[in-house]
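This report describes the helices of one chain and the contact between two of them.

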Amino acid sequence: MTDTQPAIGADIAVETVDAGGERPLKPALLKGWRRRCPSCGTGPLLKGYLKVRDTCTVCGEELYHQRADDGPAYLTIIVVGHLLAPMIHIAYVQFRPEPMTLATVFTVGAVALSLYLLPRFKGAMVGIQWAKRMHGFGAPPRSGQPVEAAQ
Ligand SMILES: [Zn+2]
């Protein structure tokens, strides 16, 4: 054996090849908006109102990589605020309702719209992160992989 060739099995770099390329963004975003798994579109994404499942119950896709954090809340505030603020103005100018009527209607409307939008924005955000392979969504699955020491 010459010194120029390595011994069989010695120091052969094992690359973890990312199997996937681009994941289509729009379908993943829409599946997330429907609060479904961005991968298969059938499994429920959320457990309860806002908790994202660790894995999809249908396809087994790992969902715990998501890092939506405060993003859905920011989006909800932006949308609800920009919808209801001009609507309050229009309702006041057009109808001049009693102040308590105006406050009650728009309070209920703001809360209802926020509760509707928040989990959907969260699902859409998880879908975007999944499609863009952010935060470990692009990594090979953990199960069956050899555990390597953290660096
Ligand atoms: Zn799934």
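Helices (H or I, at least four residues) and strands (E, at least two) are DSSP runs, numbered from the N terminus. The model is predicted: local features need pLDDT of at least 70, side-chain atom pairs count only at pLDDT 80 or more, and totals for chains, interfaces and linings use all residues. Residues are numbered from 1 along each chain as its sequence is written.

| Helix | Residues |
|---|---|
| H1 | 25-33 |
| H2 | 71-95 |
| H3 | 99-131 |

For H2, 25 residues at 1.5 Å a residue should span 36 Å (1.5 Å times one less than the number of residues), and the 35 Å between its end C-alpha atoms agrees with this. Arg-96 follows H2 and has a positive phi, near 45°.

The axes of H1 and H3, lines fitted to C-alpha atoms over the stretch in contact, come within 6 Å and cross at roughly 150°. The two helices are therefore roughly antiparallel, a term for angles over 145 degrees between N-to-C directions, on a scale from 0 to 180. In H1, the residues that meet H3 include Leu-25, Leu-29 and Trp-33, and those of H3 that meet H1 include Arg-120, Ala-124 and Ile-128; contact requires C-beta atoms, placed from the backbone, within 7 Å.

In the segment after H3 lies Gly-138. Gly-138 is partly exposed, with 15 other C-beta atoms within 10 Å; 20 or more would make a residue buried, and 12 or fewer exposed. Its C-alpha atom is 9.8 Å from that of Arg-23, 115 residues away along the chain.

Key: Angles under 35 degrees count as roughly parallel, over 145 as roughly antiparallel, 65 to 115 as roughly perpendicular and the rest as oblique. Two residues are in contact if their C-beta atoms, placed from the backbone, lie within 7 Å.
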